[in-house]
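The following questions and answers examine the overall build, the cores and the chain contact of one structure.

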Amino acid sequence: MARRRTRQPTPAPTPDLGALGERVSAARAAAEARGDTFYQGPSQTLLASFPPPERWDEWAELDSRAWPERVERRSMLVPTTCFNCESACGLLAYVDRDTLQVRKFEGNPAHPGSRGRNCAKGPATINQVTDPDRILYPLKRAGARGEGTWERATWDEALDAIASRLRAAITEGRHNEIMIHIGRPGEDGFTERVLASWGVDGHNSHTNVCSSGGRTGFQFWTGIDRPSPDHANAKVIYLISAHLETGHYFNPHAQRITEARARGAKVIVLDTRLSNTATHADHWLSPRPGSEAAINLAVARHIIVSGRANWDFIRDWWNWQEYLAACRPASPQTFETFQEALAEEYDGYTFDLAAAESGVDAAVLAEVAELVAGAGTAFSCHSWRSAAAGNLGGWQVSRTVFFLAALLGAVATPGGTFPNAYNKFVPRPIHVPPHPKVWQDLSWPLEFPLAQNEMSFLLPHFLQDGRGRLDTYFTRVYNPVWTNPDGVSWMEVLADPEKVGCFVALTPTWNESAYFADWVLPMGHSSERHDTHSYEQYDGQWVGFRQPVLRAARERLGQEVTDTRQVNPGEVWEENEFYIELSWRIDPDGSLGIRQYHESRANPGQKLTVDEYYGWMFEHSVPGLPEAAAAEGLTPLQYMRRYGAFEVTRGQGAVYAQPVPEEELADLHVTPTGRVYTGAPKPDGPNIAPVGAPAPDDEGRRAVGVMVGGTVRRGFPTPSGRLEYWSSTLAAWGWPEHALPGYIRSHVHPDNMAPDQMVLLSTFRLPTQIHTRSANSKWLDELSHTNPVWIHPTDAARLGIARTGDLLRVATDIGYFVAKAWITEGIRPGVVACSHHMGRWKLVGHDAVASGGMMATVSLHEDGDNWSMRTRERVRPYESSDPDTRRIWWSDTGVHQNLTFPVHPDPISGMHCWHQAVRVTPATPGDRHGDIAVDTARAREVYHRWLAGTRPAGSYSPDATRRPAWLMRPLKPAADTFAIPEPAAAFSAAGADPGAVRTDR
Amino acid sequence: MTPAAGVVTADPAEPAAADPAAAEPAAAEPEGADRWELLRALGALAATPPPASRPVSEALGLPPSAPADHTRLFVQDLPPHASIHLGPEGKLGGEGADRVAGLWRALSLEPPPDADHLASLLWLCAELGAAAGSCRTAVAQRRLEHARSVLLWEHLASWLPGYLAAAAPYPAAGGWSGLTLAALRRELATTAAAAVLPAALRDAPAPVDPHERAGDLLQAMTVPVRTGFVLTARDLARAGADIGVGVRVGERRFALQAMADQDPRATLSWLAGHARRWAGVHAAQPIASLASEWWAQRAAATAATLERLAGDA
């Protein structure tokens, strides 16, 4: 060890303090004589404003690394959007004019949602772009699947091989053997349209392990599956989420919540864990997991009994008449009857009951309820994943949250909660292929007719059931082995060519699923790809444009770029150009009818380019954009390449109350409850944001609105056209007991757990990571790389866990994991919590995979149904082209807890119910941090047990269809595919194990 | 942060409480206003970053420092608060700050928010000195001189020499640290040396214990009164280079933990050497002999403990 001498204060010659004092006195006197302040006190630093757009072509700033020399760096500032979480916040890439490389990313002030502000993940995009371990070239598997040996391939090889398989599957009628599994899409509908052009119902999403539960509750109320809270103008903000720190769309929402708080708004947060959001709340409630709906209903009861319900709104906009007809047919069918009935329905939800369920003091609940009741129409609320994603019946959490807004009339009001489609703009693209003529049972099985999204996390079990096979399975920036519960079952099927014939991983970086791929194809990050998107972040509509910034920079310099690979690192591509090229190779002569959707309109017979695709879209489908562009002498595409976003509208307001234009009213049919159907065709609007699609009447007229106050108004895209307090859909499809906003006791309710079990919360994010997508960012990895188990001091003491950092074993239904304890009062007693971002791994022997700062090297052992994983090597400093990899100071990267979770499909929403009933004990002597053990036979048992709780369409469908046609579906097949096929022609409605599924009704 | 001028009145209404620890105050030196202005100016440089402080640094004949250097020294690495150097947890506020606030209250003054910041302490010292010089009664003058003496020995001499030694290598310290040390020395010379250790050192927590949990031990390394030394982020960066481990950018406690995780023996050895060096720093700077001796002994004890632990690691 080298030794150095500490530098001592230099023994300076004794200063003449007297003379110095005189000088200071004189200087002070002189300054004050001039009217100046000599002692100015502590600093007041002003934040720099953003570079003005007129200087984005030539922005100069001093190079901090050249200090103390003043060296100017000249940059072109090119906008794009972040590709990490789903917020799609605006970024500005600082492209060095001399080297044409991206130097850094900062916020884009022209972005209406994020307004120039970003979380840590936005600027960290530069790490992802320059990650020394990223995948730069197409790779083809060299050894056995999962063995970890690869050889470099050309894009032509990959495209030809994959296109050949796809063409064969399509021409042989095996459409359902093609599937693209999407992580967070970060774009609005391109992939769905690619699949539609192939005639394939193969869109699979991660949503049923993410937000389906939350969406379901909103969809049954409004016909639209997401809320858009106007936090900025709210008086009371009610969050069953962590929107000041994480979640969709936390940065845009957080800044508006902060503005509201500055004006005096109160924030109420329901979160069992002391999240960063909870720390900012005026009222933090830490309920027993799964009891949130009971609290909501107690608040609802208080609104009703205290006379604060907005009866005028309810009379006009709730489907109370349908409720009375269905549930109280013998009573007078009057609004007064309904008022009484509503009070009766929730009379039992006293604060005492909610307190008993939630463990939150009744007086606290009463205080919060009074606050909510006093908010009037300025009540914004949000529930997204959190409780809705954790619990059996979690979808009722969001349904009961919106119940509060609906009671107050705080729907699409200033400070209220909007249906998201009011605040979202999805421009109609140049080609819209028709609905596929097939139905994918592997994603949309009969057991889950009301599932909000694809039953993606059950795919391994369905394949093991023999319900089908996949010829070609794509993952698109997605990591199902790591992200889903029961990842070992994913490994089993992905490693089996009989179940998955060809696995193509489209990914910028290595991940736990790509190890099993046949092809690994490098896709671009935020600054290396094109996408459009629009998200509900305030009461307005905007369109964002992600673009390859080096392409845009070169084009500003007059260079022509025809393929994004020309500017991306290595041979990294983007999906749009990839899919266009792939589609042409599937159907080179156009005979399959596919190519037409990927052809140029301007140059028939030529491939569609991304410039034409987006140029057409911005020219024809974004109102106001052509005019705004023309005012600056730009084309709409040039405008979007320059600014990266465009605000289409602001202040949408109560769209539901808008009168329907006369031209849409023809051959009307008005039902007794005021539903209005029209014979006029639906005009082709430019905005194709997804909403529910209420069925036509018996004569084929389309649902156009509702009659309110003698005027046909737009209403809501629900069967009734109104807010559905009572859901005819739930009632008709076998769940009448849950047709109203209600409380379903969770699978982790105390009644459903053994006395020695605790609840494990596994769903929460950290603000600085986003699943596996951000894991190749060195800055983010340094900030967050491990996931200790939160445990309350009383539980720790009871269990004999002495100190933070001690190892503990968490046993689930199918195995266990070993993690470090974090003893904290930030978690409720009886509950433990572990963030899901960590525990990344690579397999021993996968030497081609650099582990970076986040992946431990593990061994995986299989012994029949018993699998185990053990960490063999933790992360450590290593040599690379980035000197920072020598500075990795951490070794603990957490534990991959999801591997030990069985699947828990909610029988209604289809959401995986993440919370686990676990037994927590101190680790045993042989345990090591990161250990995993899983029994896949037990996993199958749990799968069958939950499947037995479903009410399949085959037995419960009211109209012999697979699914209510009005419900949203990311890629909707043709109408005739909805019919339940004959048992011989399709997999039985009873599933693989007929005995497992209830047939009683 | 900087108290308004004239907070201390020359003729307080109430006589000062008797303080058995203080000797008969010596008479103020005759430099008058200039002497107090020097103290104010030296304090102001610790509180006000350039360019706003440039007239002050020019008057003192000190080179201007860069704003970033100023922030690095006075905001990030070595905030000049007595509580950090005298408090039992080595943190802002708490007991260390309460002691200083108590002096203000004893003078019937409302303590400012940053009462224990060096700028506030030097400003108060100047105010007390100026007020004492214009007292009309000997009783009032003695009371103010006594207060100034308490301030100097209890709240400045007890930690400032060590702080200035730690600050000296920083670019923003320039000639400021030496000048401040000289000014302190001159002020101390005008009062009788305290007969007992400052209360913060008398009541200081125990030195580091070889049986402490590793985490607690590392936490203690950031607490000057427990170790006898000041450990800066700059020191840690040098340590990383010396012993060849990665240095986590962040709070010192976490950086130390990361270093110890990588190479516990080398980390402990380096810390032991650091403590040894600091024992020498204190011994070579006997400005307030009792306090300096205490600091030197504490650093030496820490060095011995860490050497033992390094041997066992």
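Domain bounds here come from an automatic or database domain assignment. The model is predicted.

Q: Which domains does the assignment give for chain A?
A: The bounds rest on an automatic or database assignment. For chain A the result is domain 1 (59-118), domain 2 (213-421), domain 3 (655-738) and domain 4 (750-947).

Q: How far apart do the C-alpha centres of domain 1 of chain A and domain 4 of chain A lie?
A: Domain 1 of chain A spans 59-118, and domain 4 spans 750-947. The distance between their C-alpha centres is 36 Å.

Q: What radius of gyration does chain A have, and why does it agree with a compact globule?
A: The C-alpha atoms of chain A fill a box of roughly 105 × 75 × 70 Å along the principal axes. A compact globule of 1001 residues would have a radius of gyration near 30 Å, so the value for chain A agrees: 29 Å.

Q: Which residues touch the most other members of the largest nonpolar core?
A: This core holds 373 residues, and helix α6 (residues 118-133) of chain B gives the largest share, 12 residues. One of the residues sought, V832(A), is in contact with residues beyond four places in sequence, including M758(A), W790(A) and V920(A). The full set is V372(A), F379(A), L404(A) and V832(A).

Q: How many nonpolar residues are on the side of chain A that touches chain B?
A: The contact takes 36 residues from chain A and 47 residues from chain B. On the side of chain A, 11 are polar and 8 charged, while the nonpolar residues number 17.

Technical notes: Residues are numbered from 1 along each chain as its sequence is written. Chains are lettered from A and ligands numbered from 1 in the order in which they are written. This is a predicted model: local features need pLDDT of at least 70, side-chain atom pairs count only at pLDDT 80 or more; totals for chains, interfaces and linings use all residues. Two residues are in contact if their C-beta atoms, placed from the backbone, lie within 7 Å. Ala, Val, Leu, Ile, Met, Phe, Trp, Tyr, Cys and Pro count as nonpolar, Asp, Glu, Lys and Arg as charged, and the others, Gly among them, as polar. A nonpolar core is a set of buried Ala, Val, Leu, Ile, Met, Phe, Trp, Tyr and Cys residues joined through C-beta atoms within 7 Å. A residue is buried if 20 or more other C-beta atoms lie within 10 Å of its own, exposed if 12 or fewer, and partly exposed in between; C-beta atoms are placed from the backbone. Helices (H or I, at least four residues) and strands (E, at least two) are DSSP runs, numbered from the N terminus. The radius of gyration is taken over C-alpha atoms; the globule rule is 2.2 Å times the number of residues to the power 0.38.
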